[in-house]
Amino acid sequence: MHMHTRFPMKISTARAIHLRAPLEDPYRTTFGTMTHRQAVIIELVNEDGTTGVGESWINFPSWAPFERMAAYRDGFFPILVGKKIESVTDFVRELWNRHYRSALQSATLGPLVQALCAIEAAFWDIQARNTGIPLSGLFSETAVNSLDVYGSGINPPFSEKAIRTAQSHGIRTFKLKLGYGDAEDRSNIECLKRMLGVGTELAVDVNRSWSYDHTLQWIDYLRDEGVSWLEEPLCIEEQHRYGELFAQTDVPISAGENFLIPPGVDFSCEGVEGFSLNQSGLALHIIQPAVVKNCTFSDAVRLAEIAENSGKRLCPHFLGSAPGLATTAHLASLTRTPFLEWDINPNPLRTHLFRDAFSIKDGKLRISEEPGIGWTFRQDVPPEWVMRVETVSG
């Protein structure tokens, strides 16, 4: 991919913000229930005053935001503030190298990458703003600005209001969570298909809940139901069997949000530095990296090239707040068949953080053509949402 000219940076101020907004209805998953939407967002201020924004994934466990805030305050901000940065990727790799051994000692390589995802995204935001182009323009001159959207976050009990709202915006593909038990899962599929009606497509996400044999038992049923793709079916103990599953089924298989990709890693060396494709060997039809979670933006761009050159599709995964969604949209815009995940459930941290709200029309989200991530924070975020702010200045 094309890489636009880069300018040196020197960060004068780094700020981490923990936000927590209550939900009227708890958000249920197979591995936990959210009573609030939370986010950890960082702002890096360049010496010229340009501010870049990044988001770090902290949905689970419940104490993740506190760990991440401490990591920025004590581990990252003191290093990056005041340092001249010639290369974003080299510097983020340097941060990885500096903290790798201690994270390995504590088995926290995932949180380390999650913290670095936000740092790299904020750097690219500064670069794009200073260059006067959208974030995606740093990597390609042919990125699109309109993305097809599919609706996700659908768990029992279904919110008919949320589903109807998504349909009114032209969304025609929806993804249902499975893993609640066979009888309930089948009932949920049939119920949701009736609710969606004709002219819609249904995908399913198992969140690594099934054995290999259990997955095979479901394949014929999923094919008969016309399921568009089956996401993360295999449990952790049997992820090494993705190659077998790929050869056994014509139902498209997807995974990627839980790939652990250390910054700048050699994609041919799985197992090095904790690098993991979940033993899938990319024996998948759809690759779904999450650029706020376990894969930095530039690494996701590299992964997209590998995936697409081998006939696969890259569709980034996302479940978080506004800055992460904006960054993820720019990644999707760089792919050959752009497809963006949109959580249909209410999320105040997605709808009330930016001055201009995200807008979906005819099933498409249009990316702002403003420089950087393209959206700007509101100055009147409710103060009761702000749990904590950590600032380090040079």
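A crossing of two helices is called right-handed if the near helix is turned clockwise from the far one by less than a right angle. With that in mind, let us walk through this predicted model, starting with a pair of helices that fits the description: α1 passes α2 in a right-handed crossing.

Helix α1 covers residues 64-80 and helix α2 covers residues 88-105; their axes come within 12 Å and cross at roughly 140°. Angles over 145 degrees would count as roughly antiparallel, so α1 is oblique to α2. If you would like to find the contact on screen, look on the α1 side for Gly-75, Phe-76, Ile-79 and Leu-80, and on the α2 side for Phe-91, Leu-95, Arg-98 and His-99. Sorted by class, this contact of α1 with α2 has five nonpolar residues, two polar ones and one that is charged.

Phe-76 leads us on to the protein's interior. The largest nonpolar core has 130 residues, and those that touch the most other members are Leu-44, Tyr-72, Phe-76, Phe-77 and Phe-123. Which helix gives the most to this core? That is α3, residues 109-131, with 13 residues. Phe-77 is a good place to zoom in: leaving aside neighbours within four places in sequence, Phe-77 is in contact with Ala-14, Arg-15, Ala-16, Ile-42, Leu-44, Tyr-72, Glu-390 and Val-392. There is also a second, separate core of six residues, with Tyr-150, Trp-229, Ile-286 and Phe-339 among them.

Now for the backbone. Most residues other than glycine have a negative phi, and most peptide bonds are trans. Here are some places that depart from this pattern.

Two cis peptide bonds come up along the chain. One joins Phe-60 and Pro-61, with omega about -10°; Pro-61 lies in the loop between β3 (51-56) and α1, the helix we began with. Another runs from Pro-156 to Pro-157, with omega near -5°. Pro-157 sits in the loop between β5 (146-154) and α4 (160-168).

Phi has its surprises too. Glu-232 is not a glycine, yet its phi is positive, about 40°. Look for Glu-232 in the loop between β8 (230-231) and α7 (242-248). Is Glu-232 buried or exposed? Its relative accessibility is 2%, so Glu-232 counts as buried. Glu-273 also has a positive phi, about 60°, without being a glycine, and is found in the loop between β9 (253-255) and β10 (286-287). Buried means under 20% relative accessible area, so Glu-273, at 17%, is buried.

Definitions and conventions:
Residues numbered from 1 in each chain as written. Predicted model: local features only at pLDDT ≥ 70, side-chain atom pairs only at ≥ 80, totals over all residues. Heavy atoms only, no water. Axes fitted to C-alpha atoms, helices over the stretch in contact; angles between N-to-C directions. Helix = DSSP H or I, 4+ residues; strand = E, 2+ residues; numbered from the N terminus. Parallel < 35°, antiparallel > 145°, perpendicular 65-115°, else oblique. Contact = heavy atoms within 4.5 Å. Nonpolar A, V, L, I, M, F, W, Y, C, P; charged D, E, K, R; others polar. Core = buried A, V, L, I, M, F, W, Y, C linked by side-chain atoms within 4.5 Å. Buried < 20%, exposed > 50% of the residue type's maximum accessible area, 1.4 Å probe, protein only.
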